[in-house]
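Here are a few notes for someone opening this one up for the first time. Have a look at the structure, then read the points in order.

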Amino acid sequence: MVPFYFIKNKKQLNALANIQSSGQHLLELINDILDVSKIEASQLELTSQMTSIYEICQACVHNVKIMAQKKKQVMEVEIDRSAQSAYINVDVRRIKQILVNLLTNAIKFTPEGGKLGLKVSANEEKQMVSIQIWDEGIGISHENQSRLFKPFVQLDSSFSRQYTGTGLGLVLAKRLTELHGGTIELQSEIGHGSTFIITLPWQPNLMATSTEKQLSNIQPEIPSVTYHTSTKQNSNTPLILIVEDNPTNIETIEDFLKAKKYRVNIVKSGIECLQLLPQIRPDLILMDIQMPSLDGLETTRRIRNYPDPQISIIPIIALTALAMPGDHERCIAAGTNDYLSKPYRLLELIEKIKSHLKSM
């Protein structure tokens, strides 16, 4: 990194920005090549877990929405009622990789001010989830569609000058979908946009069975979970429970709260949260929404129905990547007192914490 004091003018700043952009593009290319190579050699292993398809899709939309806003595009999201409660057994990072790639392409090939969208449905009879990503972009001719999923192929040299890319994104999307036992199809016409349709296996009763089995083993009086505790502080200092499964997020929030002299406990799942509550009785809970097995919304509902009123009224602040219309209402309806969409400012978080602790 060039020290700031060596940057003398806007031209140098632009040159550094170009170097950074080129380096990022090269890194993405290398990572894509490595992924394709691993798949071809049957060496890419999936790390699957039961995950809400609703929250995966919402997180992906959140990741790309700024790109769409810059082009003044309208992004429509439609998730039917059955899909909103559907859980699928997938490698979350890889499914997000597929969807973000397709959404990015839809934004890239849709003109400024145009429309694109994501539609999700679940079919219990066929035991499958369908995810459609559509756009009103340039479209793809029928003769070119057969070449679309071949490595390093960009269909038209005139387009490749206008729309940058490695030619590997769709190859990876197809191979990763197939590794999950799913399929990917394309419907497109020149000048009328494109629709990619991903289908993934879905076992409607698997999530409920798994969750209930884990919850049936909960014995609050027996300390059976591992959690982090802060350094010793005044017992009158408010105790905050962080419910979060992402190590980076945990470290950031924990360090910040400790610097502000709060006591901190950490658990990494909703089930661990329910186990620990009777033992520590925190003053406030920071609840991540997107967690495996038992998500933050269901964990919050169970806390609000807890028989001990001192536990059921603990303030809960939802921390989530959900940022679509209605998501704030969903969190509040589940019983959270407040809501912050990631990425959030730590100063904003501390203000909300102070506000809710003050009102107790």
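The points below go from the whole chain to a sheet, two helices and two single residues.

1. **The overall picture.** First, a caution: this is a predicted model. The protein has 14 helices and 13 strands. Of its 360 residues, 45% count as buried. If you take the contacts with a separation of 6 or more, residues 24 or more positions apart account for 71% of them.

2. **A five-stranded sheet.** In what order do the strands of the open sheet run? Going across, you meet β2, β4, β5, β7 and β6, and the pairing is mixed. The edges belong to β2 (74-79) and β6 (183-188); each has a single partner strand, so one side of each is left without a neighbour in the sheet. From one strand to the next, the twist averages 15 degrees.

3. **How the strands are joined.** β2 pairs with β4 in the parallel sense, over six bridges. One place to find this pairing is Met75, whose bridge partner in β4 is Leu116. Strand β4 (residues 115-123) and strand β5 (residues 128-135) run antiparallel instead, with eight bridges between them. Among the pairs to look for there, Lys119 has Gln132 as its partner in β5, and Val120 has Ile131.

4. **The turn between β4 and β5.** These two strands make a hairpin with four residues between them. Check Gln127 in the turn, where phi is positive, at about 50 degrees.

5. **A helix over the sheet.** Which helix lies across the strands? That is α4 (residues 92-108), which crosses β2, β4, β5, β6 and β7 (194-201). Its direction makes an angle of about 25 degrees with β5.

6. **Ser130, inside the sheet.** You'll find Ser130 in strand β5. Its relative accessibility is 9%, under the 20% cut-off, so Ser130 counts as buried. Leaving out residues up to four places away in sequence, Ser130 touches Lys119, Val120 and Ser121, and also Ile197, Ile198 and Thr199.

7. **Gln73, in a loop.** Is Gln73 buried or exposed? Gln73 is found in the loop between α2 (53-70) and β2, yet with a relative accessibility of 9% it counts as buried. Beyond residues up to four places away in sequence, Gln73 touches Ala68, Ile107, Thr110, Pro111, Gly113, Gly114 and Leu116. Take Ile107: it is 34 residues from Gln73 in sequence, but the C-alpha atoms of the two are 7.9 Å apart in space. The side chain of Gln73 has a polar atom 3.1 Å from the backbone oxygen of Ile107. A polar atom of that side chain also lies 3.5 Å from the backbone oxygen of Pro111.

8. **Helix α9 (247-259).** Start with its length: 13 residues at 1.5 Å a residue should span 18 Å, and the end C-alpha atoms of α9 are 18 Å apart, which agrees. The buried residues of α9 are Ile250, Ile253, Glu254, Phe256 and Leu257. They cover an arc of only 165 degrees around the axis, which puts them on the same side of α9. Why would spacing along a helix matter here? An α-helix has 3.6 residues a turn, so residues three or four places apart point the same way. Turned away from the buried side, the other face carries the exposed residues Pro247, Thr248, Glu251 and Ala259.

9. **The two ends of α9.** At the start of α9, Asn246 has a side-chain oxygen that reaches to within 3.1 Å of the backbone nitrogen of Asn249. Just after the helix, look at Lys261, which takes a positive phi of about 75 degrees.

10. **Helix α14 (residues 346-358).** The length test works here too: the 13 residues should span 18 Å, and the end C-alpha atoms are 18 Å apart, which agrees. Buried in α14 are Leu349, Ile350, Lys352, Ile353, His356 and Leu357. These residues cover an arc of only 160 degrees around the axis, which puts them on the same side of α14. On the other side, Leu347 and Lys358 are exposed.

11. **What α14 packs against.** The buried residues of α14 pack against α9 (247-259) and four strands: β9 (239-243), β11 (284-288), β12 (316-320) and β13 (338-341).

Notes:
Residues numbered from 1 in each chain as written. Predicted model: local features only at pLDDT ≥ 70, side-chain atom pairs only at ≥ 80, totals over all residues. Heavy atoms only, no water. Pairing = 2+ DSSP bridges. Axes fitted to C-alpha atoms, helices over the stretch in contact; angles between N-to-C directions. Contact = heavy atoms within 4.5 Å. Expected span 1.5 Å × (residues − 1). Buried < 20%, exposed > 50% of the residue type's maximum accessible area, 1.4 Å probe, protein only. Arc of directions from axis to C-beta. Polar contact = N/O pair within 3.5 Å; in protein donor to acceptor, adjacent residues only side chain to side chain.
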